[in-house]
Amino acid sequence: MLSFFFDAWRKSFDYRGCATRSQYWWFSLWSLLSVWLVAWLSIELAGLLGLSSIGSLWLLYLLASMFPGLSILVRRLRDAGKGPGWVLVGFVPLIGGIWLFCLTLLPSVND
């Protein structure tokens with residue numbers, strides 16, 4: 001399960017192929033846990049050093065994780081039979097994120 005997380009990081013710039021639902025959602029879970037861990041560590045590190053905050057560590061990780069997140073999302077949409085342009089539906093106000101979430105729940109077209 002953790003291998004899906006590392007596999008997505010290895011394929012950060014590979015938009016070819018497909019990603020199953022389990023690959024996408026395990027990556028999403030581990031990514032969320034990693035963001036929480038890095039945020040917690042940056043808060044603790046700021047407390048130890050006597051600084052008000054160290055948000056740059058958290059922000060750097062968040063920016064870096066956008067690359068594997070986008071590539072696995074494109075591969076997941078391709079597995080569901082949608083093109084990579086469907087990623088842009090997430091920019092539609094109010095309903096776009098919900099719509100994109102529903103698209104990631106679609107079954108594989110190969111099943």
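# A walk through a predicted helical model

Tyr24 sits in helix 2. The model is predicted, and Tyr24 is a good place to enter it. Is Tyr24 buried or exposed? Its relative accessible area is 13%. Buried means under 20%, so Tyr24 counts as buried. What does Tyr24 touch, leaving aside residues up to four places away in sequence? Its contacts are Ile72, Leu73, Arg76 and Thr104. Another residue to look for is Ala8. In sequence, Tyr24 and Ala8 are 16 residues apart. In space, their C-alpha atoms are 8.6 Å apart.

Now follow helix 2 itself. Helix 2 covers residues 21-49, which makes 29 residues. How far should helix 2 span? At 1.5 Å a residue, the expected span is 42 Å. The C-alpha atoms at its ends are 42 Å apart, so the expected value and the model agree. Tyr24 is one of the buried residues of helix 2. The others are Phe27, Ser31, Ser34, Val35, Val38, Ala39, Ser42 and Ala46. A rule about helices helps in reading such a list. An α-helix has 3.6 residues a turn, so residues three or four places apart point the same way. After helix 2 comes Gly50. The phi of Gly50 is positive, near 75 degrees.

Helix 4 can be read in the same manner. This helix runs over residues 66-79. Its 14 residues should span 20 Å at 1.5 Å a residue, and its end C-alpha atoms are 20 Å apart, which agrees. Which residues of helix 4 are buried? They are Pro68, Ser71, Ile72, Leu73, Val74, Arg75, Arg76, Leu77 and Asp79. Recall that Ile72, Leu73 and Arg76 are among the contacts of Tyr24. Helix 4 is followed by Gly81. Here too phi is positive, near 90 degrees.

Charged side chains come next. Side chains of opposite charge can pair when their charged atoms come close. How many salt bridges does the whole structure hold? The search finds four. One joins the side chains of Asp79 and Arg76, at 2.8 Å from N to O. Both residues lie in helix 4, three residues apart, or about one turn. Both are buried. Elsewhere, salt bridges with shared partners link Asp7, Arg10 and Lys11 into one network. Within that network, Arg10 and Asp7 meet at 3.7 Å, N to O. Arg10 and Asp7 are three residues apart in helix 1 (residues 2-10), so about one helical turn separates them. Arg10 has a relative accessible area of 62%, so it counts as exposed. Asp14 and Arg16 form another salt bridge, with their closest N and O atoms 3.4 Å apart. Arg16 is exposed as well, at 65% relative accessible area.

Turn to the aromatic rings. How many aromatic pairs are there? The count comes to eight. In one of them, the ring centres of Trp9 and Tyr61 are 6.1 Å apart and their planes stand at 35 degrees, so the pair is tilted. This pair links distant parts of the chain. Trp9 belongs to helix 1 and Tyr61 to helix 3 (residues 55-64), 52 residues apart. Trp9 is partly exposed, at 28% relative accessibility. Tyr61 is buried, at 17%.

Phe13 and Phe67 make another tilted pair, with 5.2 Å between centres and 45 degrees between planes. Phe13 lies in the loop between helix 1 and helix 2, while Phe67 lies in helix 4, so the pair ties together parts that are 54 residues apart in sequence. Phe13 is exposed, with a relative accessible area of 63%. Phe67 is partly exposed, at 43%. Ring pairs also build a cluster from Phe5, Phe6, Trp9, Phe27 and Tyr61. Phe27 is one of the buried residues of helix 2.

Finish on the surface. Which residues form a nonpolar patch there? They are Trp86, Val92, Leu94, Ile95, Ile98 and Trp99. Together they have about 640 Å² of accessible area. Take Leu94 as an example. Leu94 is in the loop between helix 4 and helix 5 (96-104). Its relative accessibility is 85%, so Leu94 counts as exposed.

Conventions:
Residues are numbered from 1 along each chain as its sequence is written. This is a predicted model: local features need pLDDT of at least 70, side-chain atom pairs count only at pLDDT 80 or more; totals for chains, interfaces and linings use all residues. Side-chain values use heavy atoms; hydrogens and water are left out. Patches are made of residues with over 30% relative accessible area and no salt bridge: like charges are joined within 9 Å, nonpolar side chains (Val, Leu, Ile, Met, Phe, Trp, Tyr) within 5 Å. Accessible areas come from the Shrake-Rupley method with a 1.4 Å probe; for residues, only the protein chains shown count as cover. Helices (H or I, at least four residues) and strands (E, at least two) are DSSP runs, numbered from the N terminus. Buried means under 20% relative accessible area, exposed over 50%, partly exposed in between (1.4 Å probe, protein chains only). The expected span of a helix is 1.5 Å times one less than its number of residues. Contact means heavy atoms within 4.5 Å. Rings of Phe, Tyr and Trp (its six-membered ring) pair if their centres lie within 6.5 Å; planes under 30 degrees apart count as stacked, over 60 as edge-to-face and the rest as tilted.
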